[in-house]
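Reader: I'm new to this one. Could you walk me through it and tell me what the labels rest on?

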Amino acid sequence: MTSTTALCAAVLATAIAGPCTVAAADLVPHPALTLAAASRLANAAGGACRQLDRTIAVAVLDGGGHLLVLERDPAVGPHNIEAARRKAFTALSTRTATLDLARRAARDADSRNLNTLPELLLLGGGVPLMSAGQPVGAIGVAGGGGAGNDHACALAALAAVPALDQPVTHSRE
């Protein structure tokens, strides 16, 4: 093998292996919500609300804010589809339950300004989904007869996926 051939082989080997090695070091593994888990969350939220004699629309988003599951009982108005999705998006984006955000906005002008962002919805019913302290998604519930019911049904759903952390809420704010 000539020195030119050896040099070309070394450059080729580095070009092939180098980016893969560097790229792997640049990525951080993190938990991700599965479609099966999202479906269990939606079903559990619906079940919790049925115990309150309520029907709902429920949206479950993954950690990137993409819709995984959306269900709406036929008895619930169609506007609740978008409300559920926006509640989930708000909870994911802020890593805060939307009931807590709404209560904070009622007494704090800076928090109230969150209402000016088009995708955020400061109504109870959105809860961030965390695993080992990392956001993996969010659930949003709408149409359950008020913010308190929506919030309670979203929280109750978390028991369907034991790998999720229990959210820190300050519902007495």
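**Reading the labels**

Author: Sure. This is a predicted model, and in its chain of 173 residues, 36% count as buried. The chain has six helices and four strands, in the order α-α-β-β-α-α-α-β-β-α along the sequence.

Reader: Why is the link of Cys49 and Cys153 called a disulfide?

Author: The cut-off is a pair of cysteine sulfur atoms within 2.5 Å. For Cys49 and Cys153 the S to S distance is 2.0 Å, so the pair qualifies under that 2.5 Å limit. The structure holds one disulfide.

Reader: What makes that a link between distant parts of the chain?

Author: Cys49 sits in helix α2 (residues 35–51) and Cys153 in helix α6 (residues 147–157), 104 residues apart. Both Cys49 and Cys153 are buried. The link is right-handed, with 120 degrees about the S-S bond.

Reader: On to charges. How do you know that Arg85 and Glu82 form a salt bridge?

Author: A side-chain nitrogen of Lys or Arg has to be within 4 Å of a carboxyl oxygen of Asp or Glu. The closest N and O atoms of Arg85 and Glu82 are 2.6 Å apart, so this pair passes the 4 Å test. Both residues lie in helix α3 (residues 79–94), three residues apart, about one turn of the helix.

Reader: Why is Glu82 called partly exposed?

Author: Buried means under 20% relative accessible area and exposed means over 50%. Glu82 has 36%, so it falls in between. Glu119, at 33%, is partly exposed because that value also sits between those limits.

Reader: What does Glu119 pair with in a salt bridge?

Author: With Arg85, at 2.7 Å from N to O. That pair links distant parts of the chain: Arg85 is in helix α3, while Glu119 is in the loop between α5 (109–112) and β3 (126–131), 34 residues apart. Glu82, Arg85 and Glu119 are thus linked in a network of salt bridges.

Reader: How many salt bridges does a search of the whole structure find?

Author: Three. One of them joins the side chains of Asp150 and Lys87, 2.9 Å from N to O. Asp150 lies in helix α6 and Lys87 in helix α3, so the pair ties together parts 63 residues apart in sequence.

Reader: Are Asp150 and Lys87 buried or exposed?

Author: Asp150 is buried, and so is Lys87. That label means each has under 20% relative accessible area.

Conventions: Residues are numbered from 1 along each chain as its sequence is written. This is a predicted model: local features need pLDDT of at least 70, side-chain atom pairs count only at pLDDT 80 or more; totals for chains, interfaces and linings use all residues. Side-chain values use heavy atoms; hydrogens and water are left out. Helices (H or I, at least four residues) and strands (E, at least two) are DSSP runs, numbered from the N terminus. Buried means under 20% relative accessible area, exposed over 50%, partly exposed in between (1.4 Å probe, protein chains only).
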